[in-house]
Protein chains: 2
Amino acid sequence: MLGADGVALDTHASPAGIMHLPAGGFEQAFEETCGAWLDAHPQLPVLAAGMVGSAQGWAEAPYVEAPADADALVAGIVAIETARGATVRIVPGVLERGVLPNVMRGEETQIVGALSSDASLNAEGGVLIGLPGTHAKWAFVQAGRIERFYTFMTGELFGALRDYTILGRTMQQGAAADAAAFERGVDTARDAGHPGVLATIFSTRTLGLTGQLTPAQQPDYLSGLLIGHELRGLTEVLARDQSSLAGRTLRLIGNDTLCDRYRAALARFGCLDAATVANATEQGLCRIAVQAGLVPAPVRAA
Amino acid sequence: MLGADGVALDTHASPAGIMHLPAGGFEQAFEETCGAWLDAHPQLPVLAAGMVGSAQGWAEAPYVEAPADADALVAGIVAIETARGATVRIVPGVLERGVLPNVMRGEETQIVGALSSDASLNAEGGVLIGLPGTHAKWAFVQAGRIERFYTFMTGELFGALRDYTILGRTMQQGAAADAAAFERGVDTARDAGHPGVLATIFSTRTLGLTGQLTPAQQPDYLSGLLIGHELRGLTEVLARDQSSLAGRTLRLIGNDTLCDRYRAALARFGCLDAATVANATEQGLCRIAVQAGLVPAPVRAA
């Protein structure tokens with residue numbers, strides 16, 4: 001719940017998600033999360049973003065096509081009436097068509113939040129925004145528009161490799177983070193001449209067999225390898241525009257621990273200016289709510 | 001069991017493996033597989049290859065270091081005495097040291113078999129041999145020696161992505177093979193300018209979401225993508241020697257269906273001469289047994 005200044009007054013986290021709904025479905029999950037707020041403030045506008053608007057969600061908010069700005073997102077909002085008579089508005093995701101189509105749901109709202117929180121990100125030339133996670137996104141944003149973006153299945157692949165392949169068998173999980181092992185993985189992925197991620201990941205095992213990585217170091221090494229291959233893929237995309245990660249200014253959105261990992265990896269690629277944007281989700285929801293006329297512009301303390 | 005001509009007289013397949021041993025362990029698995037042969041022919045030499053010689057195997061046959069030829073493999077054979085008094089000899093695997101160490105166990109024997117079955121493979125300039133599978137190997141072989149090799153976790157990764165990630169959720173499994181979907185995946189991986197396999201695999205889902213791949217086509221598309229990325233990785237390795245897959249003669253060792261898939265993918269890279277070597281394991285064991293003095297050279301029908 002956000003105050004008139006756009007800052008969160010209260011937050012409720014719920015383990016429910018579209019794959020893990022309570023018996024009463026979306027209505028029940030909504031009541032459990034927001035019911036007390038609406039009891040206290042019946043006129044509070046409700047804005048939602050993310051998988052709740054997918055085809056498997058509460059109501060489908062069809063994708064808006066890239067390039068997309070906050071106006072396009074507002075125009076794509078889908079409203080539903082809940083059992084208690086509240087109106088829930090759902091921000092649509094963004095679809096980029098092409099040989100490799102891409103989709104996002106939720107990240108578009110975070111990107112709008114980042115842009116509204118830092119005017120320098122709207123400067124000429126645009127900015128690259130990374131959103132690490134299960135499905136990491138990298139978005140090229142210019143003049144307030146999400147121009148194009150990529151999805152890397154880095155987080156989900158790490159989990160699948162660790163839990164369901166031979167690589168997990170020699171790993172010791174739950175050990176303290178090992179920054180050197182992580183950077184070794186990043187550097188291996190970054191350096192040219194290797195046969196790609198399908199081959200380099202096997203070194204997690206063979207460096208163990210040959211006594212060069214302890215079981216406790218193998219998870220961080222594999223994490224570094226995968227994030228390194230993600231950044232190397234991004235480098236190939238940037239090279240098409242005669243650009244690179246080295247010396248670039250970019251922004252990260254996500255949980256602090258993961259953003260720290262990405263910052264360490266980016267440094268190995270020569271990118272030293274990659275600050276994390278705080279509260280991007282709240283700021284994005286607030287900005288979209290203002291733009292949709294649901295709430296007045298926030299009153300910020302001078 | 002091989003005859004004096006090196007051809008299999010009888011074969012017993014067993015579901016046992018180092019991860020799935022019967023209650024009596026290796027001794028019991030050996031008795032179930034070979035006991036009847038030894039009852040009938042007590043003097044039959046026994047030669048084994050593969051994971052049976054790993055640190056978790058029946059007895060460890062320490063890796064021989066690359067470059068390695070059949071003589072080096074023979075010198076590394078480890079012999080154990082079984083409960084029934086038979087001697088089981090285990091062919092060692094091969095280790096290649098380096099920044100990304102590589103190991104093989106079993107494939108070295110198949111490669112020796114391929115070389116002994118086709119004299120043209122020992123020609124000046126060497127040959128590239130691919131062994132598709134859970135952990136696909138690609139070996140550069142010259143003058144009878146395994147010079148260097150790469151491991152791609154293509155098969156195991158395909159299974160993990162299909163069974164344990166979001167990609168499996170939109171797939172229809174068990175459908176008839178779709179060659180066009182497979183080739184589309186290969187071509188996508190082959191074509192430059194894409195951000196790498198961590199990103200392209202997500203298109204399995206998004207091409208489905210945008211109506212460009214049916215659920216039944218998605219497994220073959222993903223398989224084509226992964227094999228295509230493997231061949232693209234191999235292409236990068238070859239490029240270091242100013243070489244490529246296009247126009248190259250190479251050999252495949254493995255099950256026929258999988259080798260057919262690889263042959264179709266190799267054709268998209270311009271490689272049209274990639275015959276499968278038949279009976280490579282039997283021929284390799286026979287050649288090593290002869291070289292070790294365990295059996296006389298095979299008498300081949302004129």
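How many bridges join strand β8 of chain B to strand β9 of chain B, and do the strands run parallel or antiparallel? Strand β8 (residues 136-142) and strand β9 (residues 145-152) of chain B are joined by 7 bridges and run antiparallel. Helices (H or I, at least four residues) and strands (E, at least two) are DSSP runs, numbered from the N terminus, and two strands pair if DSSP finds at least two bridges between them.

This is a predicted model, in which local features need pLDDT of at least 70, side-chain atom pairs count only at pLDDT 80 or more, and totals for chains, interfaces and linings use all residues. Residues are numbered from 1 along each chain as its sequence is written, chains are lettered from A and ligands numbered from 1 in the order in which they are written, and side-chain values use heavy atoms, with hydrogens and water left out.

## Relation of the two chains

A turn of 180° with a shift of 0.0 Å along the axis lays chain A on chain B with an RMSD of 0.0 Å; the superposition is by least squares on the C-alpha atoms of residues with pLDDT of at least 70 in both copies. The two copies are therefore related as by a two-fold rotation axis. In chain A, the C-alpha nearest this axis belongs to A160(A), at 3.0 Å from it. Both copies use the same surface, since 100% of the contact residues of chain A recur in chain B. Contact here means heavy atoms within 4.5 Å.

## Domains of chain A

The domain assignment divides chain A into domain 1 (25-126 + 279-291) and domain 2 (153-276); such bounds come from an automatic or database domain assignment. The C-alpha centres of domain 1 and domain 2 of chain A are 31 Å apart.

## The five-stranded sheet

In chain B, an open sheet of 5 strands runs in the order β9-β8-β7-β10-β11, with mixed pairing. Its edge strands are β9 and β11 (273-276) of chain B, each of which pairs on one side only. On average, neighbouring strands of this sheet are turned by 25° against each other, direction ignored. Helix α3 (residues 107-117) of chain B packs on the sheet and touches β7 (127-131), β8 and β9 of chain B. The direction of α3 makes about 130° with that of β7(B); axes are lines fitted to C-alpha atoms, for helices over the stretch in contact, and angles run from 0 to 180 degrees between N-to-C directions.

Within this sheet, β8(B) and β9(B) form a hairpin with 2 residues between them. In its turn, A143(B) has a positive phi of about 50°. Along the hairpin, A139(B) has F149(B) as its bridge partner in β9(B), and F140(B) stands opposite R148(B) in β9(B).

Strand pairings of chain A are listed below.

| Strands | Sense | Bridges | Residue pair |
|---|---|---|---|
| β7(A) (127-131) and β10(A) (249-252) | parallel | 3 bridges | L128(A) and L250(A) |
| β10(A) and β11(A) (273-276) | parallel | 4 bridges | L252(A) and T276(A) |
| β5(A) (94-96) and β6(A) | antiparallel | 3 bridges | V94(A) and M104(A) |

## The three-stranded sheet and the loops

In chain A, 3 strands form an open sheet in the order β2-β5-β6, with mixed pairing. Its edge strands, β2 (64-65) and β6 (102-104) of chain A, each pair on one side only.

The loop between β2 and α2 (70-75) of chain A contains P67(A), which is joined to A66(A) by a cis peptide bond with omega of about 0°. In chain B, a cis peptide bond with omega of about 0° joins A66(B) and P67(B), and P67(B) lies in the loop between β2 (64-65) and α2 (70-75) of chain B.

Another loop of chain A, between β8 (136-142) and β9 (145-152), holds A143(A). The phi of A143(A) is near 50°, a positive value in a residue other than glycine.

## Packing of helices α5 and α8

Two packed helices are described by the angle between their axes and the distance between the axes. Helix α5 (residues 179-190) and helix α8 (residues 218-239) of chain A pack at an angle of about 35°, with their axes 6 Å apart. The crossing of α5(A) and α8(A) is right-handed: a crossing is left-handed if the near helix is turned anticlockwise from the far one by less than a right angle, and right-handed if clockwise.

Residues making the contact include F182(A), V186(A) and R190(A) of α5(A), and Y221(A), L225(A) and H229(A) of α8(A). By class, the contact of α5(A) with α8(A) has 7 nonpolar, 6 polar and 4 charged residues. Ala, Val, Leu, Ile, Met, Phe, Trp, Tyr, Cys and Pro count as nonpolar, Asp, Glu, Lys and Arg as charged, and the others, Gly among them, as polar.
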